[in-house]
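Please find below some notes on the model, set out as numbered points. They can be read with the sequence and coordinates open alongside.

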Amino acid sequence: MSRVFSGIQPSGELHIGNYLGAIRNWVNIQDEHQCIYCVVDYHAITAEYRPKEMPTRIFDLAAGLLACGVDPEKATLFVQSDVPQHTELAWIFNTVTPMGELSRQTQFKSKSEQNLNNINVGLFTYPVLQAADILLYRASHVPVGEDQEQHLELSREIARKFNARYGKVFPEARTMFTSTPRIRGLDGKAKMSKSLGNSIAVDETEKRLRKKLASAFTDPNRVTRTDPGDPKVCNIFTLHGFFSPSETVQEIDGACRKAEIGCVDCKKKLGDAMVGHFAPIRERWAELRADPTQVHEVLNTGRDRCQAIAADTMQRVHRKMGLVR
Ligand code: AQP
């Protein structure tokens, strides 16, 4: 069984970009791989946040992941700050990471534009900590969305640099994408993202979900109800592909092209399908919120397993680097 690692930030709502771009994969592969999933709270602190809210965010995200189908019998779920070796290895990786490569990371550029008042060093070295997250567990595969590909390329380079300088410890982790690694937001253009305000949460109430869908952009060339639409460019149609039965998707495809269905009805059908899809997840999530001990037990078990692997990796790292007495 190959080892898989992936993480998600407790930086706000769990949205359907996270769900379709990453979490779906997390759930699908847990039978065939040894999966380690992490709530990456040290990453989340690179943006402004309220410390008082963080414990709830961490708990709620962990509960949400379990509700989405992460199975603690099959996969390990834990919180990053419970395993101090993440930051220890990140420091070591700082010493082999080329400054030039780090400066070329596009996420740093876009995040710093969004946070002009708080362009911190942690935001800059975020990909180094991410490399440490993955390589601490010597993971060979990382299921993520397309936005993370550049970071993963850097993690491979860091592994190569470390191995070349000190001797082989780390594999070069490969990226695992879902069939749609980039989910667009309600604007139909940009990546769905909490910070862009174009997202739909997994646990949206039915009322809010329908309201958000009503505001979503469709085919920009379809101006009136009688214009034929092009499902290929419509984000609502893309979402039907995930949530509606294939017959409905085919019907909508034909009807939209012939202007037999308008965007309002098309969105209503999508709303029906999404409400049905997410109902069991919302229900399970509510149960877990009501019984926090279950979630804490899962996270404690995850912490213990991960601490053991992390200690083993750091022992190998220290030996190779001569950091021993
Ligand atoms: N729109 C997306 N399409 C596909 N995959 C996505 N992911 C995030 N957005 C999309 C994937 O979700 C996983 C968790 O990533 P994260 O914790 O880094 O989430 P995020 O980047 O915090 O999500 P946001 O909404 O984009 O946050 P902000 O706005 O704060 O930057 C990753 O595998 C990611 O690829």
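1. Thr 218 is buried, at a relative accessible area of 18%, where the limit for that label is under 20%. The residue sits in the loop between helix 10 and helix 11 (235-243). Across 48 residues of chain, the C-alpha atoms of Thr 218 and Cys 266 are separated by 10.0 Å. The model is predicted, and this should be kept in mind for each point in this note.

2. A second loop residue can be read in the same manner. Ala 201 is found in the loop between strand 5 (174-176) and helix 10 (206-214). With a relative accessible area of 5%, Ala 201 is buried. The C-alpha atom of Ala 201 is 5.9 Å from that of Glu 13, although 188 residues of chain lie between the two positions.

3. Two residues deserve a look at their backbone angles. Arg 138 is not a glycine, yet has a positive phi of about 45°. Its place is in the loop between helix 8 (126-136) and strand 4 (141-143). Arg 138 has a relative accessible area of 18% and therefore counts as buried, the limit being under 20%.

4. Ala 259 is the other residue to check in this respect: phi is near 60°, a positive value in a residue other than glycine. The loop that holds Ala 259 runs between helix 12 (246-257) and helix 13 (263-290). Ala 259 is also buried, with 17% relative accessible area.

5. Turning to the ligand, which residues are closest? Among the 22 residues that surround the ligand, the closest are His 15, Lys 111, Asp 147, Lys 194 and Ser 195. By class, the shell around the ligand divides into 6 nonpolar, 11 polar and 5 charged residues. Strand 1 (3-8) and helix 1 (16-28) each supply at least two residues of this shell. Helix 1 gives the most, with 4 residues.

6. Several polar atoms of the protein approach oxygen atoms of the ligand. For Ser 195, a polar side-chain atom lies 2.4 Å from a ligand oxygen. For Lys 194, the atom concerned is a backbone N or O, at 2.6 Å from an oxygen atom of the ligand. Asn 18 contributes a polar side-chain atom at 3.1 Å from a ligand oxygen. Taken alone, the ligand exposes 640 Å², and the protein buries 95% of that area.

7. How many disulfides does the structure hold? The count is 0. A disulfide is a covalent bond between the sulfur atoms of two cysteines. For Cys 35, the closest cysteine sulfur is that of Cys 306, at 12 Å, which is too far for a bond; the cut-off is 2.5 Å. Cys 35 is buried, at 2% relative accessibility.

8. Cys 263 can be treated likewise. The closest cysteine sulfur to that of Cys 263 belongs to Cys 234, and the 6.1 Å between them is too far for a bond. Is Cys 263 buried or partly exposed? With a relative accessible area of 23%, Cys 263 is partly exposed.

9. The structure holds 11 aromatic pairs. One of them joins Phe 108 and Phe 124, edge-to-face, at 5.0 Å centre to centre and with 75° between the planes. Phe 108 belongs to helix 6 (residues 106-114) and Phe 124 to helix 7 (residues 121-124), so this pair ties together parts that are 16 residues apart in sequence. Phe 108 and Phe 124 are both buried.

10. Phe 162 and Phe 170 make a further pair. Why is it called edge-to-face? The planes of the two rings stand at 70° and the centres are 5.1 Å apart, so the pair is edge-to-face; the label applies to planes over 60 degrees apart. Phe 162 is buried, at 0% relative accessibility. Phe 170 is buried as well, with a relative accessible area of 1%.

11. Ring pairs also build a cluster, whose members are Tyr 19, Phe 242, Phe 243 and Phe 278. Tyr 19 falls within the range of helix 1 (16-28), while Phe 242 and Phe 243 fall within that of helix 11 (235-243). Phe 278 falls within the range of helix 13 (263-290).

Key
Residues are numbered from 1 along each chain as its sequence is written. This is a predicted model: local features need pLDDT of at least 70, side-chain atom pairs count only at pLDDT 80 or more; totals for chains, interfaces and linings use all residues. Side-chain values use heavy atoms; hydrogens and water are left out. A residue is near a molecule or strand if one of its heavy atoms lies within 4 Å of it. A polar contact is a pair of N or O atoms within 3.5 Å; within protein, one must be able to donate a hydrogen and the other to accept it, and residues adjacent in sequence count only if both atoms are side-chain atoms. Accessible areas come from the Shrake-Rupley method with a 1.4 Å probe; for residues, only the protein chains shown count as cover. Ala, Val, Leu, Ile, Met, Phe, Trp, Tyr, Cys and Pro count as nonpolar, Asp, Glu, Lys and Arg as charged, and the others, Gly among them, as polar. Buried means under 20% relative accessible area, exposed over 50%, partly exposed in between (1.4 Å probe, protein chains only). Rings of Phe, Tyr and Trp (its six-membered ring) pair if their centres lie within 6.5 Å; planes under 30 degrees apart count as stacked, over 60 as edge-to-face and the rest as tilted.
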